Amino acid sequence: MTSQTTIQSGWIKRIEPWLLLAPMLIVLATVTAWPLARTAYLSFMHATLDAGDLPRFIGFRNYLALMKDGDWWHAVRNSAFFSATSVTLETLAGVGIALLIDSQLKGRGALRAVMLIPWAIPTVVSAQMWQWMLHDQYGVVNALLIKLGLIAHGIAWTAGTGTAMAAIIAVDVWQTTPFMVLLILAGLQIIPRDLYEAAKVDGAPGWAQFFYITLPLLWPTLAVAILFRLLDAVRMFDLAYVLSSKSRETATISIYARQQLVDFQDVGYGSAVAMLVFVMISLVAAVYIQLTKIRLISE
Amino acid sequence: MKRLTKAIILTLLKIIVVFYTVFPFYWAIVSSFKTGSALFSVDFFPPIDLTNYRDLLTNGNFLRNILNSAIVAVSVVTLSLIFAITSAYALGKLKFRGRGVVLAAILGASMFPQIVVLSGLFGTIRWLGLYNSLGSLVLSYMIFSLPFTVWVMTSFIRQIPAELEDAARMDGCSTWAMIWQIYFPLLAPALASTGLLAFIASWNEFLFALTFTLSDTVRTVPVGLALISGSSRFELPFGTIMAASVIVTVPLILLVLIFQRRIVSGLTAGAVK
């Protein structure tokens, strides 16, 4: 009798975690693993959304065509440039602003609250707000620059060659630097204050304190924050879509993939694009995690 | 003297940061009060005129879009939190083989680019008969909401001391009762902050909403807002767009400011250990 119950409770104990996890794992598989497998399958097909047109297997032909597709490589360059520039600027500005907020006790709470405002604004809303501020004829940015005598006529920031990408980066920096600031501020709280006291006693100048105390101790937080931003930036879609529509000048890899899938209804080719996006993002994450040696899972 | 200059410089820098952070939203509010030719002039303190707001709320699908967004976001948050609590208990409090693998899978899913599943998910959604309905969004938003809530709740549940559970076990408490009667109340504050962050993410989502819904009446706010245009090609729709932007954003900003501390702890629980 007793051994019976122990065996039974041992058995229940073993499957209990899986029973608790099952609903979540099933839903997660339905929206990730299964569609991913389907996208992979479709990427080897000639498939369109036409009802009469049945998918047929064409091997690697979608991928081969993609290798020679200039627009695709242009989108890759756009995404790479956007990610590298915006994440670098956000990290530098984030560290700077966080240190500024942390420098004095006075006003720290209020400044942190202010930081939450751009972060809470939906991306589409920020895109529209800046679209209006950067308007070539009636935008406030052009009006101010003309008043200051820096430019003679209004510039069509979001439409011009060279300025469109800069505009998108500027909006992204405005919108997501606060996220960096909040995470870095939390990281700064962990650094023991007496380390700075000791450094001051030893006569270490401000820059030395930053490079030998702040930065090394902040690094674990910073590395994770940069990873999050980087993954977000590589897959960026909404900002470029709303700010400069689908112009080739600023199309990111996500925009290009959706264009093939939805606008051109070329499901096979679009799926091949999507698979390459997946491979690229996985590579970025893997290389980054290797290089920084961050540990995301404890124990 | 040197100290005073330093204090002045720091204060000046802070003013610049605040101006840079807040001005765009201020400009949106100001512009939302302007109609017609007033939009063409750079006026920082215009009279308050609510014409744009009245237009938005009385005609068009704007209110319907807001309602859609709210329905989707609330459903996504409720479902994710229910799944997240039981999962977080298993992942944070039970020892079993495969735990590391599940955690890694969830972390991997949280980095998943949405565009990758677009074509595969489209098939599933059509097969389930959810295309062009709010259900398609509730289902597809699980892709970012579920990994995030499970991950954050797991890190919160781990911080609860084990003694509590041991005592409840002594009294013959079952696992199910343990989760809902002991952990649930303890986790309420964490659930609020995690739920709020998941709510904001769902409220703001654009790619799936643009792709899986078609009719004006099923659209959510971000898609509606991206597609607003003037009644003629020559009319600037920015007054209306800014009014819509303000309506959509003010509740979020208020929520975020009220739950400030919780939000920061929710954000850092996901990122900092």
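Two residues are in contact here if their C-beta atoms, placed from the backbone, lie within 7 Å. Keep that rule handy for the whole tour.

A word on what you have open: this is a predicted model, where local features need pLDDT of at least 70 and side-chain atom pairs count only at pLDDT 80 or more, while totals for chains, interfaces and linings use all residues. Residues are numbered from 1 along each chain as its sequence is written, and chains are lettered from A and ligands numbered from 1 in the order in which they are written.

**Stop 1: a helix pair across the chains**

Select α6 of chain A (residues 123–133) and α11 of chain B (residues 238–258). Helices here are DSSP runs (H or I, at least four residues), numbered from the N terminus. Two packed helices are described by the angle between their axes and the distance between the axes. For this pair, the angle is about 145° and the axes are 10 Å apart. Axes are lines fitted to C-alpha atoms over the stretch in contact, and angles run from 0 to 180 degrees between N-to-C directions.

Now show the side chains. From α6(A), pick A:V125, A:Q128, A:M129 and A:W132; they meet B:F238, B:I241, B:M242, B:S245, B:V248 and B:T249 of α11(B). By class, this contact has 7 nonpolar, 3 polar and no charged residues. (Ala, Val, Leu, Ile, Met, Phe, Trp, Tyr, Cys and Pro count as nonpolar, Asp, Glu, Lys and Arg as charged, and the others, Gly among them, as polar.)

Look at the crossing too: α6(A) passes α11(B) in a left-handed one, meaning the near helix is turned anticlockwise from the far one by less than a right angle.

**Stop 2: another pair**

Next, select α4 of chain A (residues 70–103) and α1 of chain B (residues 2–32), which pack at about 125° with their axes 10 Å apart. That angle makes α4(A) oblique to α1(B); angles under 35 degrees count as roughly parallel, over 145 as roughly antiparallel, 65 to 115 as roughly perpendicular and the rest as oblique. Try colouring A:I97, A:L100 and A:S103 on one side and B:L10, B:L13, B:K14 and B:V17 on the other, since these make the contact. They divide into 5 nonpolar, 1 polar and 1 charged. The crossing of α4(A) over α1(B) is left-handed.

**Stop 3: the whole interface**

Zoom out to both chains. The contact takes 74 residues from chain A and 74 residues from chain B. Helix α1 of chain A (residues 2–31) gives the most to chain A's side, with 10 residues. That side has 55 nonpolar, 14 polar and 5 charged residues.

**Stop 4: two loop residues**

Go to A:T32, in the loop between α1 and α2 (33–42) of chain A. Is A:T32 buried or exposed? It is buried, with 22 other C-beta atoms within 10 Å (buried takes 20 or more, exposed 12 or fewer, and partly exposed lies in between). Beyond its neighbours within four places in sequence, A:T32 is in contact with B:A109, B:F112, B:V117 and B:I143.

Then jump to A:G203, in the loop between α9 (193–201) and α10 (206–234) of chain A. With 7 C-beta neighbours inside 10 Å, A:G203 counts as exposed.

**Stop 5: domains**

Finally, colour by domain, using bounds from an automatic or database domain assignment. Chain A has domain 1 (1–31) and domain 2 (56–292), with centres, taken over C-alpha atoms, separated by 42 Å. Chain B has domain 1 (2–51) and domain 2 (61–271). Their contact takes 7 residues from each of these two domains of chain B.
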